[in-house]
Amino acid sequence: MSTPPPAAGRPPKNVWELTAGAHRSMLLGGLAAFIGSALKIVPYIGLVEIARGLWSGAPRAHLWGWVVASAAAMVVHGVAYTGAVGANHRTEAALRYELRLRLVDKLKHVPLGWFNDRSSGVVRKAITSDTSSIHSLVTHLSGDLANTLGVVVVGFGYLLWLDARLAGALIAGWLLLLALCMLPSLRAMGRSFEDYSAAERELAAVTVEMVDGIKEVKNFGMTATVFGRFDAARRRHADVSMEWMNSSGIGVAIVGAAMQPATILALTTGIGYWFVRMGWTQPLTVLAFALVWVGIPEGLMALVQIFQQVYAAAEAARSTLDVLSAEELPEPAAPAVYTADRSLIELEHVSFSYEPGTPVIKDVSLTCRPGTVTALVGPSGGGKSTLAKLIARFWDVDSGRIKIGGVDVRDQTNQQLMSSMSLVFQEIMTATDTVAQNIALGRPDATRDEIVEAARAAHIHERIMTLPDGYDTMLGEGAGFLSGGEAQRLTIARAFLAAPPILILDEATAQADAHSELEIQRAITALARGRTVVMIAHRLSTIRSADQIAVVDGGRVAEVGTHDQLLAAGGQYAELWAAQNQTMTGARHA
Amino acid sequence: MLRRFNTFFDRPSTIYLLIAGYVVAAVLQGIAFSAFIGFLRAFLGPDPSRAWGPMWVLIGFGAASFVVQAATLIRANRVSAYDVCGNAVARIGSRVVRLPLGWFDSGSVGRVSSAISTETDNLSHLAPVVLPQFISGIVTPLTVMVVTFCYEWRLGLIMALVVPVVVLLWNWASRLLMTEHQEAPAIAARTASATIEHAHLQPVLRAQGISGTAWPPLAKALDDENRGLDAIMTAQGRPAIAFGLLGQAFFAAVLAAGLGVVLGGGLDVAAFVAIGVMAARFTTPISQSVFYAAALQQDMVSLDTIEQIVQTPALPEPAHPRHPSGTGIVLDDVGFGYEADDTLFEHLSLRADEGRITALVGPSGCGKSTIVKLIARFWDVGSGSISVGGVDVRRIDSAELMGMVSMVFQDVYLFDTTIAENVRLSRPDASEAELAAAISRAGLDAVVAALPDGLDTRVGEGGLRLSGGERQRVSIARAFLKDSPILLLDEITSALDAENESAITQTLAELAAGRTVVVIAHRLSTIMNADQVYVLSGREHGGPTRIVEQGSPAELAAGDGMFAALVQDFWRTARWSVR
């Protein structure tokens, strides 16, 4: 299945455009379903005609002809209907598959920051759950709607042709009943639907909270506030559902009970009997009504439900649309030609804000020369992570520019830019795949020997050899074979294999003990050799020997210099150093 | 299944009353259909006005069926809103908070959420939607069959022949659908995790130009899911076609045989037409059976999912709780493992003396935090005992034990409400002044001052609007407010900013003063401040964790054991420099 290149055509604006690929098959499927369901009436007509024939003494061949016609119509109906339903489901499955491919291919063109701004749950939901909800849209809209219309339109048409007055009286009566029972519920639904969804969302949110925060719940006892929040949400949910039931449940129940076939039959024949007594119609016509009318109120009900489902599906498709219309990272068609050493990083008057009006980075200029270490230090929230991520083009700057190898990052292709650097962040980035494959993500064509070599360099080879299947052990959920620190060394091995000229790393490691941390530190030291390093540092001792230290605070670079220069300057860095040293010496004297 | 479903009702008779209502309404439907025969005989006869009496019989049964069904449906709606939804959610919730921590893993949020929303929602349709369809689909045709048998046994026989075929098809379809319903979530879960990994790995994948569908694991997951869905559809399609064919064959047979009998003079026209009407009506339930089967299977799966939660045993409460005297903690010969074949501790003994600081050190994964959680009875030990103030924790009322203990974790979870509410959690009845004092002692006041709404600032889902250091301060404020005699502390490991680190170290020292403290220490400063240190071994070769050294930190540091080596490692990591 080919997917359109991102440049081709604009993203779909609404559900109609989203499902455009399926429209032809939906129409065909709908047509088949319509014809199939229209044929459902033939056996009823057949039965009426056989009765008529029996009374009027028609020839046997005529009677058997109707039996054959009825059976044939049922077969055609069956084939057309199942065919239409099957075809619609397959159309929908194909559409869903195609949408998912489009969505994931869309994701490779959005800025990396897009992922940063969304929880992975949101991304997952847009790709999996919400594309599933399109299911009802495609299948119900064409199949069920056409099927119901077939029964209602053809059936009612036949009855109108037989006796317009009786048909009119019946439809008026049923519409009145439906209106009396369903309108209050529809009106109540509009009102309490809001309440209901709100109660449902609230319950879902506190459930997640209760489970995620289970340690705190246990910590403070289950009678405390947390469980209270759950309990309150649960009660509200129950109350709202009860209220909803009370306002609309009775009407729905009455309509449901009135639509039992024998009840409809009794009503229809009762009215028919009266029509015959008044001399307005024939008994055989009433028989036809008794047969055919049963399907019509059901059909009217089904129409209401179909529209409700389609509405819900269209709502759910919204997040899929949002993803597809996310702004893409503009990139040139061909890789740029570097005009300087490809490990040279230059920030020129860079300003950036997540939301307009509240700048996070303000007019920052900084040069990281090839093969040097630049440390970013400063209070949390000061902007050092944002700055590091801007170099990797997680977002585009508002003004100024960032150049790598002398070329603006916006003039480089995504692959070019990404392959010029390795990012080692706190987030553990492994795939459900073998250890070897996880390392080989750094360079897919690497040989096993090269992978092992990278693992050795990252101080993780020994650990891998203790895994049940060594390099062929599957990592992933539940398996949990590697600790956080070990997984981090795996990503470092990946970086060794990729061997990019630039290394961007966040020092804060997820280690749990001194020994493991030592291993990570050694791996990083080896990896940093000969590369341009930008490091988000938390412990100042780590970066004493850095070629330059930039103190980032309030979105600005407050100071730049070497450790000695900054200490001598007696500014913010000197204060931080003094504060941290106090803790260290405190430990030493303890 | 009914028995399992019944556990959600306040009164056990409810479900049987509902079923009785549906059955009565369905039988009345069947009788009304047979009354149609009498009506037609008179109505299609020479004098239609003689149908007056039979017509009222027909209307009477139709109306009676309507009243019974309407009343049953209203009742069903009520009980499923209140009993099924309400009770199921309440039971899931109250069980979840009493489950041992071991039950919780990365998938538990998904499991509980789906049990509370999707599965409960499914079950709520059982009484008012699935049951009436299912019952009328079976009982009405059976009644009609019996009545037809009385009029014309040959046609009755044809109808009866359908029954075994329907039963056979039903069994086949149910098995098929059950498997598919059970497989679908696993297929979906694989795609979900591949999608998340794909998002996390973007920088690496883009560097290699293998992002999106060009990344084999994701392409494979999507492809597998597509193929899996296809298989499910095929599996559902076959019974649908089979039932459809059966329904049509049934109708054609009744029509043909009926006409034959009529022409042979064995049956009057009115009875034939009425039987034809009934046969035409019941081809639909027959061809729809597969959907009832699917709905019932879905409900079975929902019941399974909910029961997996509500039937998991909770930690037992003591029948005759005892009150601890003092706060000293003793682990005596403890054996414990998360899984039956994996022993984490064997004959582990240690003591944390009253009013003293006891530090636990050791490599990651050796079970330090398990020890702390065992003291707070997040799980029960497999063998041996843990006592607080001389009483086995299993014999202390859980509310009393929780009241004695404050825990500060490193992965602090905050609830999506205000900072004040989050702190107050540890003592809901605290006064404003006490709350303010706790916040200030935890050093949280500076953080709060910088926030737009101060104490009323909402912290976001999981507290993510605050930094790690700020979240830990909230947790420390909780502990100050609770002011319990025992403090269990899991020190934050990830590197903090210079300022944060020194401040938090100081705050924790204040918090520890005068309490019995067990601390999982990651910082040398904390370890050296402890009164007593236990050094735990790693789990080489999967063996149980042992205590390799114990004593005062100064003593141990001066020796040449594991602790001394650890201190050396600490100094080395502290001296590390990237180049």
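Okay, let's start with two helices in chain B, H3 and H9, the second running over residues 269-310. They pack at an angle of about 35°, and their axes are 9 Å apart. Keep in mind that this is a predicted model.

Who makes that contact? From H3(B) we have B:Ala88, B:Arg91, B:Ile92, B:Arg95 and B:Val96. H9(B) brings B:Ile306, B:Ile309 and B:Val310. Sort those residues by class and you get 6 nonpolar, 2 charged and no polar. And look at the numbering on the H3 side, with B:Ala88, B:Arg91, B:Ile92 and B:Arg95 all in the list. In an α-helix there are 3.6 residues a turn, so residues three or four places apart point the same way.

Now let's stay with H3(B) for a moment. This helix takes in residues 52-96 of chain B, 45 residues in total. From first C-alpha to last, H3(B) reaches 63 Å, close to the 66 Å expected at 1.5 Å a residue. And where does H3(B) bend? At B:Ser80, by about 35°.

Another helix to find on your screens is H8 of chain B, residues 216-263. H8(B) has 48 residues and reaches 69 Å end to end, counted between its first and last C-alpha, again close to expectation, which here is 70 Å. Just after H8(B) you'll meet B:Gly265, with a positive phi of about 85°.

Okay, zooming out. The domain assignment splits chain B into domain 1, residues 2-310, and domain 2, residues 329-575. Going by C-alpha atoms, the centres of those two domains are 54 Å apart.

Next, the UniProt record. An unreviewed entry gives "transmembrane region" for residues 15-43, 55-74, 129-149, 155-173 and 240-263 of chain B. What does the model show there? Residues 15-43 of chain B are 100% helix, with end C-alpha atoms 41 Å apart. Residues 155-173 of chain B are also 100% helix, and their ends are 27 Å apart.

Chain A has the annotation too, again from an unreviewed UniProt entry, and its spans include 26-51 and 63-84. In chain A, residues 26-51 come out as 88% helix and 0% strand, with 39 Å between the end C-alpha atoms. Residues 63-84 of chain A are 100% helix, and there the ends lie 31 Å apart.

Last thing: how do the chains meet? 132 residues of chain B are in contact with 145 residues of chain A. On the chain B side, that breaks down into 75 nonpolar, 43 polar and 14 charged residues.

Methods
Residues are numbered from 1 along each chain as its sequence is written. Chains are lettered from A and ligands numbered from 1 in the order in which they are written. This is a predicted model: local features need pLDDT of at least 70, side-chain atom pairs count only at pLDDT 80 or more; totals for chains, interfaces and linings use all residues. Domain bounds come from an automatic or database domain assignment. Helices (H or I, at least four residues) and strands (E, at least two) are DSSP runs, numbered from the N terminus. The expected span of a helix is 1.5 Å times one less than its number of residues. The bend at a residue is the angle between axes fitted to the seven residues ending there and the seven starting there. Two residues are in contact if their C-beta atoms, placed from the backbone, lie within 7 Å. Ala, Val, Leu, Ile, Met, Phe, Trp, Tyr, Cys and Pro count as nonpolar, Asp, Glu, Lys and Arg as charged, and the others, Gly among them, as polar. Axes are lines fitted to C-alpha atoms, for helices over the stretch in contact, and angles run from 0 to 180 degrees between N-to-C directions. UniProt positions are given in the numbering used here, feature names are shortened, and annotations may be inferred rather than shown by experiment.
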